[in-house]
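Here is a short report on a structure. It covers strands, helices, one loop residue and the voids.

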Amino acid sequence: VPNQMTAKDVVDRIRGALGDRWKDSPLDAFSTGRPDTAVNGIAASFTPSLKVLRQAVASNRNMIIAREHVAYSHGRAPAAQVLNKWKADPAFAAKQELIDRHNLVIWRFSDNWDRQKDDPQLIALAKALGWVERRIRGEFFTVPPDTLANLAGSIGRKLHANGVRVIGNPQTKVAKVALTHGLMLVPQLRNILQEPGVDAVVIGEPVEWEAAPYFQDVVASGRKKGMIILGHAVSEEPGCGEMAAWLKKILPEVPLAWIPAGEPFGPAAGRAV
Amino acid sequence: MSQGMSRRDFALLGGAGILSADGARAQTGRLTAGQAVDRIRQKLSAAGVAWREQTVDTFKAGNPDTPIQGIATTFMATLDVLQRSAAAGKNFVITHEPTFWNHLDKRAEFNDDPNYKFKMDFIERHKLVVWRFHDHWHARKPDAIYVGFNRAMGWEKHLAGESLSAYRLPETTLKALALDVERKLKTRSLRIIGNPELKVTNVAMGSHALAVNASTLQKYDVILVPEAREADSAEYLRDVVDAGLKKGALVLAHEEFEEWGMEDCATWLATFINEVPVQWIPAGEPFWMPA
């Protein structure tokens, strides 16, 4: 097809659509594949996991746009150097073999997607929870008054998540919630807790010697609050659907689909205690 | 008496029996937190563990000259642990992990933080002293944290070879292993990656670091991961499973791995600190999972 777009054309279109908001970032780069590859179709996903890549191949999409790195990297090292480290790893070798065989191109869309106005990752997560109408402002939402245990259970079911964890007394009453996604660091948590009346904070992932014990100490100081930890992938997944919808809008001529990545964790074995 | 022990320490040991409500004598006679740490260092040094120049094992709060009424050992000096220590009359808290929510216990960003102020105020009001015992407790041979975990799991008899963190178990499944870990550690937040029916014999402890997890898993059926960074370790582990490699992982709360070694720490301290009671105060698992 003479007019077929290349992967580089696709990225140029994204940069053009973002205009002044685009800022060069070492994260938002090709992690594998040639930029001059003709694009048959695009798969957008949270992460270019082996499973997502297989689904992309099965639906004839050779360009993958994902929030995470193909080789589990946080990102600033050059892609070739990162991939080289994984050459001998049997799991990554399966991925590399699939990439080579199908001539896949993977481009990461992380920092610049997060520069979008109005935090689409947050809005999409709120939508998935049915909370859009409940937004007060920013990350704050009101929910029908309930216990922390019931709220956490209902969130887990709505997001089909296996790995939701909670800090706090299960019977804590919850009516006002801060909703966030991704890694939660202490300064952000401290700012959220300055908001009066926040009963629960929903996050993607804490560091277990940072934001998690910080929050335990908040609870021990007598403030009746809870933290609901969704899991990193679960917290970012709906936003990646939103990212796919945005890409579709600016790339109408390319077949494009969102491939949900799912979460890494399986169902509990059954609680022994 | 060990060679390194000072005359003062000897005098203190001798006087232990008469320490009581006598205020003046207690002021001058009681073992201080600083002296207790000196004694720990001497004990480790005699066991071949040299004190490191660069270490997180330092006083984090309180005055090292404070006379000790009792010692609490714990995985982490959370506010809850400090409250329970104070209530139990243990004013010297020995913690494996940080007190102020970052590995180096950096304080600069917390000056105006209400959570920090509350904790510091509690420490000062109850005249607590907090000292971290991380690097050198791990440096003990064998690593005391692994020894504690193996005891809690009852896996000493399953140790495979020289390593303290590799096990050869009677054949089981990933699901049955998960249930066994839940039962023995009483954990309520175990997360599973892999096929529950996976056959499992060779198990090893992984790490917070992806590179360690990846290289360890090449040699074992299952790794136990004590706190995974999800964007790297969890993502790698799901690729391992989807690649068809017959492997899996159990992701544990950080505390569930390292709590037990601090119980052993209390027992160890009591062998050479007999002036005051020593008690393990478990930090407890921070997490639970909703139904």
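In chain B of this predicted model, B:Ile71 of strand E2 stands opposite B:Phe92 in E3(B). Five bridges join E2(B) to strand E3 (residues 92-97) of chain B, and the two strands run parallel. How many residues of E2(B) are buried? Six of the six are, so E2(B) is largely enclosed by the rest of the structure. Buried here means under 20% relative accessible area.

**A helix in chain B**

Helix H9 of chain B spans residues 210-217. Its buried residues are B:Leu210, B:Asn213, B:Ala214, B:Thr216 and B:Leu217. An α-helix has 3.6 residues a turn, so residues three or four places apart point the same way. The cover over the buried residues of H9(B) includes strands E7 (199-205), E8 (222-226) and E9 (248-252) of chain B. Helix H10 (230-242) of chain B is also part of that cover.

**A loop residue in chain B**

B:Arg52 sits in the loop between helix H3 (33-46) and strand E1 (59-61) of chain B. Is B:Arg52 buried, exposed or partly exposed? B:Arg52 counts as partly exposed because its relative accessibility is 41%. Leaving out residues up to four places away in sequence, B:Arg52 touches B:Asp135, B:His136 and B:Ala139. B:Met289 lies 237 residues from B:Arg52 along the chain, and the C-alpha atoms of the two are separated by 40 Å.

**The sheet in chain A**

Five strands of chain A form an open sheet. Their order is E1-E4-E3-E2-E13, with mixed pairing. Strand E1 (30-32) and strand E13 (256-258) of chain A are the edges, each pairing on one side only. From one strand to the next, the twist averages 25°.

Within this sheet, strand E2 (residues 42-45) and strand E3 (residues 63-66) of chain A run parallel, joined by four bridges. A:Ala44 has A:Ile65 as its bridge partner in E3(A). Helix H10 (residues 232-250) of chain A packs on the sheet. This helix touches E2, E3 and E13 of chain A. The direction of H10(A) makes about 170° with that of E13(A).

**Cavity and pocket**

There are three cavities of 30 Å³ or more. The table sets the largest cavity beside the largest pocket.

| Void | Volume | Nonpolar lining residues | Polar lining residues | Charged lining residues |
|---|---|---|---|---|
| Largest cavity | about 80 Å³ | six | four | two |
| Largest pocket | about 440 Å³ | four | six | nine |

Which chains line the largest cavity? Both A and B contribute. From chain A come A:Glu208, A:Ala212 and A:Gln216. Chain B residues in the lining include B:Phe75, B:Met76, B:His254, B:Glu255 and B:Phe287. Helix H9 (211-220) of chain A gives two or more residues to this lining, as do strand E2 (71-76) and helix H11 (254-270) of chain B. E2(B) is thus met again here: its six residues are buried, and B:Phe75 and B:Met76 line the cavity.

The largest pocket is lined by 19 residues. Nearest its centre lie A:Arg67, A:Glu68, A:Leu183, A:His232 and A:Glu236. Helix H5 (111-114) and helix H10 of chain A each supply at least two residues of the pocket lining. H10(A) is also the helix that packs on the sheet.

Note on methods. Residues are numbered from 1 along each chain as its sequence is written. Chains are lettered from A and ligands numbered from 1 in the order in which they are written. This is a predicted model: local features need pLDDT of at least 70, side-chain atom pairs count only at pLDDT 80 or more; totals for chains, interfaces and linings use all residues. Side-chain values use heavy atoms; hydrogens and water are left out. On a 1 Å grid over the protein atoms alone, a cavity is a set of points where a 1.4 Å probe fits but cannot get out, and a pocket is an open set with protein on both sides within 12 Å along at least five of seven lines; lining residues have an atom within 4 Å of a point. Grid points are joined across faces, edges and corners, and a volume is the space filled by probe spheres set on the points. Ala, Val, Leu, Ile, Met, Phe, Trp, Tyr, Cys and Pro count as nonpolar, Asp, Glu, Lys and Arg as charged, and the others, Gly among them, as polar. Two strands pair if DSSP finds at least two bridges between them. Axes are lines fitted to C-alpha atoms, for helices over the stretch in contact, and angles run from 0 to 180 degrees between N-to-C directions. Contact means heavy atoms within 4.5 Å. Buried means under 20% relative accessible area, exposed over 50%, partly exposed in between (1.4 Å probe, protein chains only).
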